[in-house]
Amino acid sequence: MIVIKTSNELLKMRKAGLITGGALMAAKQAIRPGMSTLELDKIIKNYIVSHGAKPSFLGYNGFPASACISVNDTVIHGIPSASEKLKEGDIVSVDVGAYIDGYHGDSAKTFAVGEISDEAKRLMASTEESLMLAIEIAKPGVRIGDISAAIQKYNEDRGFSVVREFVGHGVGAKLHEDPEVPNFGRAGHGPRLMPGMVIAIEPMINAGGRGVKILNDGWTVKTTDKSLSAHFEHTIAITSGGAVILTQPE
Ligand code: MG
Ligand code: MG
């Protein structure tokens, strides 16, 4: 069931989204070679808690940290660790959620650690540009499949591949609500967007093949061919005037 939010609920969701986006900005400013992914997680947690919110991911289905931190060939759901240190040339995907006043925000970005390869830059640009294109398309009457197909085409046209096993989703009082928002699919299919819908669009794009595997920890998702992967996500609200990005920092 797709939950339609009132304008008052959307204001609360903007508050959650603002803290979510701010936590990602704090992460961006802190990232440097030599830092452990656990140190980065602590910075994100401190930001969220000091703004009066709770980290949405901490304890979610038993997840042990506040952020998912996924380096290089890790696609999503990387578990922050004291032993995993960021190195010059890495790319690191940081996925954050903040919960306040009964609502969640959900957003992710992939960051460069120092100077990175041209391939990594192209992958990150394609992934982020496809997210922004999808947000531009999203308005009342447009179907989920229109968004899915646009993201798929944009990335595949650039020689990259789309992860199929994980998808975007509705967001609200629950972190994951209906509808599913795949990053691949057919235009003209799926539910139509309506004012008051809130969805997270989150392309996960691989430089190599689209295959992924889950490690024995039950969380970490890696590319099977060890190629780089990027992940960008925003939570957006559909209004009569188009999409509003709830997780855009000020
Ligand atoms: Mg997320
Ligand atoms: Mg999400």
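Reader: What makes β4 and β5 a pair, and in which sense do they run?

Author: This is a predicted model, so read everything here as computed. Two strands pair if DSSP finds at least two bridges between them. β4 and β5 have 10 bridges, in the antiparallel sense, so they count as a pair. One of the contacts puts Gly97 opposite Asp106, its bridge partner in β5.

Reader: What happens in the hairpin between those two strands?

Author: There are 2 residues between β4 and β5, and Asp101 takes a positive phi near 50° in that hairpin.

Reader: How do you know that β5 is largely enclosed?

Author: Count its residues. Buried means under 20% relative accessible area, and 9 of the 10 residues of β5 (residues 103-112) are buried, so the rest of the structure largely encloses the strand.

Reader: What makes Asp95, Asp106 and Glu233 donors to the magnesium ion (ligand 1)?

Author: Distance. A donor is an N, O or S atom within 2.8 Å of the metal here. The ion is coordinated at 2.0 to 2.6 Å by Asp95 (OD), listed twice, plus Asp106 (OD) and Glu233 (OE), so these atoms qualify. Along the sequence the spacing of the donor residues reads D-x10-D-x126-E.

Reader: Why say that Asp95 and Glu233 tie together distant parts of the chain?

Author: Asp95 sits in strand β4 (residues 91-100), while Glu233 is in the loop between β13 (229-231) and β14 (234-239), so the pair links parts that are 138 residues apart in sequence. Asp95 and Glu233 are both buried, too.

Reader: Which residue bridges the magnesium ion (ligand 1) and the magnesium ion (ligand 2)?

Author: That's Asp106, and the two ions lie 3.1 Å apart.

Reader: How do you know that the length of α4 agrees with a helix of 14 residues?

Author: At 1.5 Å a residue, α4 (residues 144-157) should span 20 Å, and its end C-alpha atoms are 20 Å apart, so the two agree.

Reader: Why is α4 called mostly covered?

Author: Because 10 of its 14 residues fall in the buried class, which means under 20% relative accessible area. Among them are Ile144, Ile147, Ala150 and Gln152.

Reader: What lies 4.9 Å from the C-alpha atom of Gln152?

Author: The C-alpha atom of Phe184, although the two residues are 32 apart along the chain. Phe184 belongs to the loop between β8 and β9 (198-201). At 23% relative accessibility, Phe184 counts as partly exposed.

Reader: Is Asn72 buried or partly exposed, and how does His77 compare?

Author: Asn72 has 18% relative accessibility and counts as buried, whereas His77 has 22% and is partly exposed. The cut-off of 20% falls between the two values. Asn72 is in the loop between β2 (67-71) and β3 (74-76), and His77 is in the loop between β3 and β4. Asn72 has a positive phi of about 55° without being a glycine. His77 is not a glycine either, and its phi is near 65°.

Reader: Why is the bond between Asp178 and Pro179 called a cis peptide bond?

Author: Look at omega: it is about 0° for the bond that joins Asp178 and Pro179. Pro179 is part of strand β8 (residues 177-181).

Reader: What makes Ile2 eligible for a nonpolar patch?

Author: Patch residues need over 30% relative accessible area. Ile2 has 31%, so it clears that bar, while still counting as partly exposed. Together with Ile4 and Met194, Ile2 forms a surface patch with about 240 Å² of accessible area. Ile2 itself lies in the segment before α1 (7-30).

Notes
Residues numbered from 1 in each chain as written. Chains lettered and ligands numbered in written order. Predicted model: local features only at pLDDT ≥ 70, side-chain atom pairs only at ≥ 80, totals over all residues. Heavy atoms only, no water. Donors = N, O, S within 2.8 Å, 3.2 Å for Na, K, Ca; no water. Helix = DSSP H or I, 4+ residues; strand = E, 2+ residues; numbered from the N terminus. Buried < 20%, exposed > 50% of the residue type's maximum accessible area, 1.4 Å probe, protein only. Patch = residues over 30% accessible without salt bridge, like charges linked within 9 Å, V, L, I, M, F, W, Y side chains within 5 Å. Areas by Shrake-Rupley, 256 points an atom, 1.4 Å probe, with all protein chains shown as cover. Salt bridge = Lys/Arg side-chain N within 4 Å of Asp/Glu carboxyl O. Expected span 1.5 Å × (residues − 1).
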